[in-house]
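Colleague: Could you take me through one part of this model slowly, as I am new to this? I would like a close look at the surroundings of the ligand.

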Amino acid sequence: MNLTEQMPVILPGKTIGIIGGGQLGRMMALSAKQSGFKIAVLDPTPNSPCGQVADVEITAAYHDVNALERLAEISDVITFEFENIDADSLERIAEKAYIPQGTNILRITQDRILEKRAIEKSGARVAPYAEIYSQEDLEQAIDVIGYPSVLKTARGGYDGKGQLVLRSADDFSQAGGILGHGPCVLEKFIPFEKEISIIVTRKADGEFRVFPVVENIHVNNILHETIAPAGISELAQVEAIDMAYQLAVSLDLVGTLAIEMFLVSEDEIIINELAPRPHNSGHYSIEACMTSQFEQHIRAICNWPLGQTEMHMNAVMVNVLGEHVDGVIRGLIENPEWKVHFYGKEEVKIGRKMGHITILNPEPAEVLAELEETKIWKDKSIIK
Ligand code: AMP
């Protein structure tokens with residue numbers, strides 16, 4: 001096979017198939033449509049955020065091989081907007097479809113045990129941890145790792161779900177609920193200075209770009225605000241970029257990888273988790289960077305040269321959850337500087353990501369104070 005056959009350039013007019021119809025798929029699709037691509041999406045829910053902007057909507061389960069085959073038939077390239085897709089089902093259509101990201105990255109990132117092993121193999125650090133397969137493993141691990149520590153299910157958890165902080169032996173009795181879900185990891189609780197993330201995009205030919213390192217503020221384990229760029233030392237930035245590069249090479253990455261990290265001290269970073277797709281902490285790039293994370297992802301999977309990622313201006317992104325929608329609708333009239341994104345989700349639920357706002361400003365601290373003053377996000381983020 002020659003190089004061109006291995007890495008076809010997908011041109012405008014061709015169809016990009018997206019597995020997953022959420023907001024990440026929608027924003028990928030909107031970006032791709034700007035460049036003249038057609039979009040086919042597979043999602044179990046009709047009229048999904050991505051389905052609303054796609055040319056073809058296939059309504060079926062993600063692991064439905066017939067539906068995946070249909071997606072493969074009409075798509076010139078296939079990508080995914082989330083990692084909990086059945087890799088075996090996807091592999092079954094690999095002969096008929098061009099899936100440049102492959103399935104290995106899915107297998108790794110949907111399992112915290114495989115993910116941590118892969119991070120360590122790349123030379124990057126994770127929090128001290130133990131693999132837990134039984135109550136005995138947990139008892140032994142707690143002797144080594146100590147309190148406080150965090151017990152996480154290896155598979156299926158997100159936004160803090162499937163996690164338990166163990167602060168003392170008293171919390172031990174609750175661990176059964178988590179252990180019941182299958183293999184777990186026990187991690188040392190890290191009293192981090194900041195949570196930061198970096199998004200890296202790599203192509204099959206090895207071309208590589210990173211977006212600026214950003215700071216993430218979570219409320220109830222859900223991303224609340226992203227500050228771009230992160231206020232961290234030059235040394236920490238270089239370290240984050242180095243880790244991203246090592247990981248991308250070690251994983252033979254094609255497409256986008258978001259890397260969530262803890263800044264432990266001024267110059268010490270450890271990796272918390274990975275997502276093989278555009279990420280909530282990269283939404284600011286739509287307005288703030290020369291190329292958005294969505295455009296970059298599409299470029300990577302279509303074998304276009306990657307775009308520049310420098311920022312036009314500093315930015316703050318704030319998520320709009322169900323409980324914030326009314327306030328934001330009222331607030332947007334008075335705030336022309338808000339770049340308001342809504343994802344078209346019909347059902348408004350507390351804690352559900354309904355949209356986000358990006359605000360460009362040379363002084364992110366001013367924006368954070370202004371957002372605080374609106375009271376829209378105050379206290380209401382508590383999930384009742
Ligand atoms: P995760 O699902 O692994 O991203 O965890 C959700 C959130 O829990 C993270 O964004 C952190 O705020 C917190 N967290 C997770 N693991 C740890 C840890 N080992 N130490 C301290 N905080 C953690």
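Modeller: Here is a walk through the ligand site, followed by one residue of a strand beside it and the chain as a whole.

Before we start, this is a predicted model, in which local features need pLDDT of at least 70 and side-chain atom pairs count only at pLDDT 80 or more, while totals for chains, interfaces and linings use all residues. Residues are numbered from 1 along each chain as its sequence is written, and side-chain values use heavy atoms, with hydrogens and water left out.

Let us begin at the ligand. There are 17 residues around the ligand, and Q163, E187, I190, E195 and E273 come nearest (a residue is near if one of its heavy atoms lies within 4 Å). By class, this shell holds seven charged, five polar and five nonpolar residues. Here Asp, Glu, Lys and Arg count as charged, Ala, Val, Leu, Ile, Met, Phe, Trp, Tyr, Cys and Pro as nonpolar, and the others, Gly among them, as polar.

Now look at the oxygen atoms of the ligand. An N or O atom in the side chain of Q163 is 2.7 Å from a ligand oxygen. For E273, a polar side-chain atom lies 2.8 Å from an oxygen atom of the ligand, and for N272 the distance from a side-chain N or O atom to a ligand oxygen is 3.1 Å. Taken alone, the ligand exposes 470 Å², and the protein buries 93% of that (areas from the Shrake-Rupley method with a 1.4 Å probe; for residues, only the protein chains shown count as cover). The elements giving two or more residues to the shell are β6 (149-153), β8 (184-188), β13 (255-265) and β14 (268-275). Strands are DSSP runs of E, at least two residues, and helices are runs of H or I, at least four, numbered from the N terminus.

Next, pick out E260, which lies in strand β13. E260 counts as buried because its relative accessibility is 16% (buried means under 20% relative accessible area, exposed over 50%, partly exposed in between, with a 1.4 Å probe and protein chains only). Leaving aside residues up to four places away in sequence, E260 touches I196, S197, I271, N272, E273 and H279, where contact means heavy atoms within 4.5 Å. The side chains of E260 and H279 are joined by a polar contact of 3.0 Å. That term means a pair of N or O atoms within 3.5 Å; within protein, one must be able to donate a hydrogen and the other to accept it, and residues adjacent in sequence count only if both atoms are side-chain atoms.

Finally, step back: the protein chain has 13 helices and 17 strands, and buried residues make up 55% of its 384 residues.
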